[in-house]
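Trainee: Please take me closely through one part of this model, the surroundings of a single buried histidine, and then set that part against the rest of the chain. I would like every term to come with its cut-off.

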Amino acid sequence: MFELTNLLINLKFPKNTSRKNVLQEGDKNYTGFVLGYIRLMYGWGQKWGWSVQISNKTYEQKYNEIYQLSKDLASEHIPDFNYSTIQYNKNYKIAKHKDKRNAGISYIIGLGDYEGGELLIYFDGRDKDPTAVDIKNKFYTFDGTKYYHEVADFTGNRISLVYYNIIHDKDIKKEDVVNASTVIDFIVDEPEEIIADNQILQPPDPKQLCIENYVIAIPTYRRYNELYKKTLPTLLNASVSPEKIYIFVANQEEYMLYKSKIPVDWYKDIIVGEKGIKNQRIFISNYFPENTKIVSMDDDVEKVYKKVDGKLIEIKQLDNLIRKNFDLLKTVEFEGIHLWGVYPTPNCLWMKEDNITTDLRFCIGVFYGYINRHDSSLYPKTELKEDIELSILHYLKDDGICRFNNISFKTKFLAPGGCGTDRFEGYKKAQEYLVKTYPDYCKPKFRKDGTPEIFLRKKKKDK
């Protein structure tokens with residue numbers, strides 16, 4: 001209790017303007033916040049298919065520490081009480097009000113070095129004399145939906161924690177409650193606007209993920225608009241379930257930006273990984289269990305094509321395509337191969353119909369699949385051209401890689417965001433590293449404008 005009290009006393013509480021019913025006359029805000037479940041702003045729940053989310057603050061480091069200590073306090077003193085949310089109020093004389101949307105009883109406790117500050121409960125009516133309850137360093141339970149209540153005058157630092165749960169069957173069913181790892185910015189941190197299950201859920205352990213067939217991993221950086229307009233619609237419109245889609249971002253700031261822009265039912269989860277495409281690819285492999293079938297896809301893929309009868313036809317059933325690609329790796333002909341890729345450019349003249357190769361060829365990072373292994377020998381070391389090194393490493397490991405030369409995609413190379421548009425020095429450094437490290441498998445080449453590139457020496461599979 002002491003550690004939690006000390007953290008809260010020294011924490012600069014944010015100003016809360018949404019709970020107008022607890023404000024004294026003339027006040028526009030007070031210091032308080034909520035951790036745990038909150039309800040989406042009116043209308044968003046129906047639009048995106050969800051009704052409740054964990055509050056953004058719950059995931060921030062300083063607040064998450066407070067959240068965990070608060071749950072420990074509850075486990076010790078009120079272990080049988082199921083709650084969804086905790087409201088924190090600091091140094092404010094809460095006005096007389098009812099908790100209109102709470103479901104059942106709440107538990108409240110006062111922390112700090114204050115004097116006075118009793119909880120005043122109007123059991124006999126709003127205008128009758130209240131009952132004063134001392135809650136300093138001890139829990140008290142009452143039904144705030146039935147009785148008006150407020151805070152008595154006090155001096156010193158007074159912090160109250162209210163543990164409560166709100167369930168409305170007309171708003172949400174138990175099976176509709178989203179996973180606690182899902183958060184977006186279209187929310188109001190207002191306890192009276194909360195509905196939830198009757199217990200606090202925790203984010204899933206990656207090692208315990210139940211993954212059916214395959215997952216889609218999208219590494220992205222500063223490109224939430226591209227992801228929103230391109231890759232996600234491309235996947236969802238082609239029968240790929242959002243339950244398979246995981247978005248990997250670089251940091252907490254990016255996490256919040258993507259959460260605020262992407263509809264919550266378009267993906268399974270957004271995960272904070274590592275900055276830099278090389279580091280992010282390694283993080284993704286370590287995040288998922290071994291043998292997981294992973295499809296890596298860039299954030300700005302507009303279409304996926306297949307060459308049929310001399311023409312490029314847009315693939316409308318990506319789910320079937322991905323499943324078949326992985327199933328092919330189980331056959332005798334492709335035994336031992338863990339990586340498949342597609343043709344690196346949608347050029348109908350160069351692509352070949354019904355052509356699959358197993359020699360050393362470039363599997364571009366825009367769209368490829370692999371059977372996951374936690375093997376550091378498969379992790380690239382170059383920041384740019386990491387997909388070329390990835391192709392080489394898988395070839396060396398498995399004595400072959402699978403490339404579908406009849407499949408390609410539409411995207412915009414060197415677009416803003418991501419690795420940036422000025423990559424000359426990075427390409428030059430990558431070229432020098434790859435040629436020096438794998439002299440038998442690649443050689444330097446240059447575009448007409450002098451941009452450094454790599455040419456892979458085709459090595460036939462030796463089986």
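Mentor: The protein has nine helices and 25 strands, where helices (H or I, at least four residues) and strands (E, at least two residues) are DSSP runs numbered from the N terminus. This is a predicted model, in which local features need pLDDT of at least 70 and side-chain atom pairs count only at pLDDT 80 or more, while totals for chains, interfaces and linings use all residues. Residues are numbered from 1 along each chain as its sequence is written, and side-chain values use heavy atoms, with hydrogens and water left out.

As a background, 52% of the 463 residues count as buried, where buried means under 20% relative accessible area, exposed means over 50% and partly exposed lies in between, with a 1.4 Å probe and protein chains only. Of the contacts (heavy atoms within 4.5 Å) that have a separation of 6 or more, 76% are between residues 24 or more positions apart.

The histidine is H394, which belongs to helix α8 (residues 386–398) and has a relative accessible area of 4%, so H394 counts as buried. When neighbours within four places in sequence are set aside, H394 is in contact with H338, L339, R373, L378, D399, G400 and I401. One of these partners, D399, is found in the loop between α8 and β22 (402–404). D399 is partly exposed, at 23% relative accessible area, and its phi is positive, about 60°, although D399 is not a glycine.

Further along the chain there is a cysteine to consider. With a disulfide taken as a pair of cysteine sulfur atoms within 2.5 Å, the count comes to zero. C402 is accordingly in no disulfide, and the nearest cysteine sulfur, that of C363, is 7.8 Å away. C402 is buried, with a relative accessible area of 0%.

The next strand to examine is β23, which takes part in an open sheet of three strands ordered β18-β17-β23, with antiparallel pairing. The edge strands of this sheet, each pairing on one side only, are β18 (311–314) and β23 (407–410). From one strand to the next the twist averages 40°, an angle taken on a scale from 0 to 180 degrees between the N-to-C directions of axes, which are lines fitted to C-alpha atoms, for helices over the stretch in contact. Two strands pair if DSSP finds at least two bridges between them; β17 (residues 303–308) and β23 are joined by four bridges in the antiparallel sense, and K306 stands opposite I407 in β23.

Another open sheet of three strands offers a parallel case for study, with the order β8-β7-β10 and antiparallel pairing. Its edge strands are β8 (131–133) and β10 (148–151), each of which pairs on one side only, and its twist averages 25° from one strand to the next. Three bridges link β7 and β8 in the antiparallel sense, with L120 opposite A132 in β8. In the loop between β6 (115–116) and β7 (119–122) sits G117, which is buried at 1% relative accessibility. Residues up to four places away in sequence aside, G117 touches V151, A152, D153, F154 and R158; the C-alpha atoms of G117 and D153 are 5.3 Å apart, although 36 residues separate the two in sequence.

N291 can be set beside D399: the phi of N291 is near 75°, a positive value in a residue other than glycine. N291 lies in the loop between α6 (277–287) and β16 (293–297), and at 56% relative accessibility N291 counts as exposed.

Helix α1 completes the comparison. In α1 (residues 2–10), L4, T5 and L8 are buried. Seen down the axis of α1, the buried residues fall within an arc of 100°, so they line one face of the helix, the arc being that of the directions from the helix axis to the C-beta atoms. On the other side of α1, F2 and N10 are exposed, whereas the buried residues pack against α3 (61–77), β4 (85–90), β5 (106–111) and β12 (159–164).
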